[in-house]
Amino acid sequence: MQAITPDAGSYPESYLTWFGEALAPHVDPGLIPRAVAFTKASGSAVVPTETLLENTAHAYDWESMARRPQFAYVPKDIRERDIGYLKQMARNASAEKAARFLGIRKTLIKALHDGGVPVLLGSDSPQIFNVPGFSIHRELAAMVAAGLTPFEALASGTTAPAAFFGTSAWGAIEVGRDADLVLLNANPLLDIANTQRIEGVMVRGRWLDRTELDAGLSDIEERYR
């Protein structure tokens with residue numbers, strides 16, 4: 001493929017390398033099957049961290065992102081850093097650019113998954129408005145938006161990484177596996193957003209009910225005011 005350098009006057013130098021965002025207009029979709037084949041042959045897995053790229057691509061709308069309730073659980077210095085970073089990126093961001101860039105990424109995610117490349121769950125938190133814990137739910141939604149089923153999206157964070165790393169310690173509910181579980185009060189296979197309807201969490205065998213989880217969040221919010 002021929003390397004294409006966008007107009008240097010349109011993007012700051014650091015922006016040119018931001019996951020190929022400035023190159024999105026020049027992508028040839030016909031080359032995607034070759035990219036999938038090369039990736040599969042390499043034995044690699046892919047962790048898209050799609051929610052991170054959605055945040056930066058929508059930098060022009062940083063004020064809306066700053067109003068997300070979960071941002072209250074982030075230290076003030078990190079909140080200010082992230083807002084400053086997105087303000088800089090907003091100079092070259094637009095809804096049109098975001099749609100083009102994210103559309104290509106979603107096509108790639110689906111093609112990689114369907115082509116047999118392990119697609120694993122990860123959000124790259126706490127980078128840029130990616131609040132730990134909350135961002136993984138956004139990542140699951142992004143996987144489904146890319147064309148994966150809710151079951152396939154959930155597998156990307158359970159059985160798929162267990163298979164890729166060759167471990168039987170986690171990835172499913174079974175005697176002898178790690179007791180790290182999430183109990184939901186609605187079926188995520190019907191709507192991936194139901195992963196956020198958490199009744200309780202089992203962490204290393206210790207049960208935390210909704211009351212204890214909420215108390216912990218309230219404590220974090222108070223400390224980070």
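## Close-up views of a predicted model

**View 1. Aspartate 219 and arginine 223 sit 4 residues apart, about one turn, in helix α10 (residues 210-223).** Helices (H or I, at least four residues) and strands (E, at least two) are DSSP runs, numbered from the N terminus. The side chains of aspartate 219 and arginine 223 form a salt bridge, 3.0 Å from N to O. The term salt bridge stands for a side-chain nitrogen of Lys or Arg within 4 Å of a carboxyl oxygen of Asp or Glu. Aspartate 219 counts as partly exposed because its relative accessibility is 41%. Here buried means under 20% relative accessible area, exposed means over 50%, and partly exposed lies in between (1.4 Å probe, protein chains only). Elsewhere, Glu50, Glu54, Arg105 and Lys106 are joined into one network by salt bridges that share partners. The structure is a predicted model, in which local features need pLDDT of at least 70 and side-chain atom pairs count only at pLDDT 80 or more, while totals for chains, interfaces and linings use all residues. Residues are numbered from 1 along each chain as its sequence is written, and side-chain values use heavy atoms, with hydrogens and water left out.

**View 2. Lysine 110 and aspartate 114 form a salt bridge within helix α6 (residues 95-114).** The closest N and O atoms of this pair are 2.8 Å apart. Lysine 110 and aspartate 114 are 4 residues apart, about one turn of the helix. Lysine 110 has a relative accessible area of 27%, so it is partly exposed.

**View 3. Arginine 81 and aspartate 82 are joined by a salt bridge.** Their closest N and O atoms lie 2.8 Å apart. Arginine 81 is partly exposed, at 46% relative accessibility, whereas aspartate 82 is buried, at 2%. In total, the structure has 10 salt bridges.

**View 4. Threonine 49 is shown with the residues it touches.** Threonine 49 belongs to the loop between α2 (32-42) and α3 (50-57). Threonine 49 counts as buried because its relative accessibility is 10%. Leaving out residues up to four places away in sequence, threonine 49 touches Arg105, Gly122, Ser123, Asp124 and Glu139. A contact means heavy atoms within 4.5 Å. From threonine 49 to arginine 223 there are 174 residues in sequence and 28 Å in space, C-alpha to C-alpha.

**View 5. Aromatic pairs in this structure number 3.** In one of them, phenylalanine 71 and phenylalanine 129 are stacked, with 4.4 Å from centre to centre and 25° between the planes. Phenylalanine 71 is in the loop between α4 (62-66) and α5 (76-89), and phenylalanine 129 is in the loop between α6 and α7 (134-145), so the pair ties together parts that are 58 residues apart in sequence. Phenylalanine 71 is buried, with a relative accessible area of 5%. Phenylalanine 129 is buried too, at 4% relative accessibility. The rings of phenylalanine 164 and phenylalanine 165 make an edge-to-face pair, because their centres are 5.2 Å apart and their planes stand at 85°. Rings of Phe, Tyr and Trp (its six-membered ring) pair if their centres lie within 6.5 Å; planes under 30 degrees apart count as stacked, over 60 as edge-to-face and the rest as tilted.

**View 6. Phe164, Phe165 and Trp170 make a nonpolar surface patch of about 310 Å².** Patches are made of residues with over 30% relative accessible area and no salt bridge, where like charges are joined within 9 Å and nonpolar side chains (Val, Leu, Ile, Met, Phe, Trp, Tyr) within 5 Å. Accessible areas come from the Shrake-Rupley method with a 1.4 Å probe, and for residues only the protein chains shown count as cover. Phenylalanine 164 is partly exposed, with a relative accessible area of 35%. Phenylalanine 165, at 57%, is exposed. Tryptophan 170 lies in the loop between α9 (159-164) and β1 (181-184) and is partly exposed, at 33% relative accessibility.

**View 7. The protein chain has 10 helices and 3 strands as the setting for the close-ups.** From the N terminus on, its elements run α-α-α-α-α-α-α-α-α-β-β-β-α. Buried residues account for 32% of the 225 residues. The accessible surface of the protein chain is about 12900 Å², and 56% of it belongs to carbon and sulfur atoms.
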